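This report considers the charged, nonpolar and polar features of a single protein chain. The account moves from the surface to the side-chain pairs and then to selected backbone features.

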Amino acid sequence: MSSRISKENYYLDIAQTVSERSTCLRRRFGAIIVKNDSIIATGYNGAPRGRKNCDDLGYCFREKLGIPRGERYEMCRSVHAEANAIIAAPREQMLGSTLYMVCTSPVDGSVMPGTSSCMMCKKLAINAGIEKLVVRDDKENFRVINVSDWIEDDDSLAGKFGY
């Protein structure tokens with residue numbers, strides 16, 4: 001019996017390492033886009049290039065305003081990990097690809113289960129042509145989400161905020 005790591009957890013480990021570059025004080029996200037066993041792009045959450053990051057400022061603007069998780073992302077200084085990965089990749093290479101994503105705690109680096117993409121990142125993944133997301137819940141367990149489900153189950157029509 002092989003002790004070889006699964007392909008999903010291999011890529012999730014890489015996404016988790018990418019999350020270590022995040023500058024968010026609330027949650028660190030790492031994302032990688034993979035197609036045909038090649039990494040196309042990586043991304044982590046942080047302020048746009050040249051702007052001060054929350055960890056540079058020493059505070060989270062959304063937290064300072066008391067904005068709940070999953071709401072009012074226009075008030076966030078960060079570009080999300082999925083968005084940064086999508087920005088870095090040509091669309092032709094993303095068609096039919098898989099995005100692997102991990103969320104970790106900025107305090108101790110532990111995996112934060114229950115992660116999902118926000119409405120804005122869902123729209124980006126749909127238009128980028130990404131086929132599925134693989135999201136880590138703990139060191140061995142993950143969820144596979146078909147992006148086509150986001151088209152059928154259009155949460156933007158529900159009027160529900162957060163995730």
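On the surface of this predicted model, negative charge gathers in a patch made up of Asp149, Glu152, Asp153 and Asp154. Asp149 belongs to helix H7, which spans residues 147-152. The relative accessible area of Asp149 is 42%, so this residue is classed as partly exposed.

A second surface patch is nonpolar and consists of Leu57, Tyr59, Phe61 and Leu65. Together, these four side chains have about 320 Å² of accessible area. Leu57 is located in helix H2, residues 54-57. With a relative accessibility of 30%, Leu57 is partly exposed.

**Salt bridges**

How many salt bridges does a search of the whole structure find? The search returns six. Three of them are listed here, each with its N to O distance.

| Acidic residue | Basic residue | Distance, N to O |
|---|---|---|
| Asp13 | Arg136 | 2.9 Å |
| Glu63 | Arg26 | 3.5 Å |
| Asp137 | Arg143 | 2.9 Å |

The bridge between Arg136 and Asp13, with its closest N and O atoms 2.9 Å apart, links distant parts of the chain. Arg136 is in strand S4 (residues 132-136), Asp13 is in helix H1 (residues 7-19), and the two are 123 residues apart. The partners also fall into separate accessibility classes: Arg136 is buried, with a relative accessible area of 0%, whereas Asp13 is partly exposed at 23%.

Glu63 and Arg26 form another of these bridges, at 3.5 Å from N to O. Because Glu63 lies in helix H3 (residues 61-64) and Arg26 in the loop between H1 and strand S1 (28-35), this pair ties together parts of the chain that are 37 residues apart in sequence. Glu63 is exposed, with 52% relative accessible area. Arg26, by contrast, has a relative accessibility of 18% and is therefore counted as buried, the limit for that class being under 20%.

In the bridge between Asp137 and Arg143, the side chains meet at 2.9 Å, N to O. Arg143 is partly exposed, its relative accessibility being 27%. Which residues are joined into one network by salt bridges that share partners? They are Asp13, Arg136 and Lys139.

**A side-chain to backbone contact**

Helix H1 also holds Asn9. Is Asn9 buried or exposed? Its relative accessibility is 7%, so Asn9 counts as buried. The side chain of Asn9 reaches the backbone oxygen of Glu140 at a distance of 3.3 Å.

**Backbone angles**

Most residues other than glycine have a negative phi. Against that background, two residues of this chain may be noted. Asn36, which is not a glycine, has a positive phi near 50 degrees. Asn36 is placed in the loop between S1 and strand S2 (38-44), and its relative accessibility of 68% makes it exposed.

Arg72 likewise has a positive phi, of about 55 degrees, although it is not a glycine. This residue lies in the loop between H3 and helix H4 (81-87). Arg72 is partly exposed, with a relative accessible area of 44%.

**Separation in sequence and in space**

Two pairs of residues relate distance along the chain to distance in space. Ile126 and Thr104 are 22 residues apart along the chain, and their C-alpha atoms are separated by 24 Å. Ile126 is part of helix H6, residues 119-128, and is partly exposed at 27% relative accessible area.

Pro113 and Ala15, in turn, are 98 residues apart in sequence, with 14 Å between their C-alpha atoms. Pro113 is found in the loop between strand S3 (98-104) and H6. With a relative accessible area of 57%, Pro113 is exposed.

Conventions
Residues are numbered from 1 along each chain as its sequence is written. This is a predicted model: local features need pLDDT of at least 70, side-chain atom pairs count only at pLDDT 80 or more; totals for chains, interfaces and linings use all residues. Side-chain values use heavy atoms; hydrogens and water are left out. Helices (H or I, at least four residues) and strands (E, at least two) are DSSP runs, numbered from the N terminus. Buried means under 20% relative accessible area, exposed over 50%, partly exposed in between (1.4 Å probe, protein chains only). Patches are made of residues with over 30% relative accessible area and no salt bridge: like charges are joined within 9 Å, nonpolar side chains (Val, Leu, Ile, Met, Phe, Trp, Tyr) within 5 Å. Accessible areas come from the Shrake-Rupley method with a 1.4 Å probe; for residues, only the protein chains shown count as cover. Lys and Arg count as positive and Asp and Glu as negative; His and the chain ends are not counted. The place of a charge is taken as NZ of Lys, CZ of Arg, CG of Asp or CD of Glu. A polar contact is a pair of N or O atoms within 3.5 Å; within protein, one must be able to donate a hydrogen and the other to accept it, and residues adjacent in sequence count only if both atoms are side-chain atoms.
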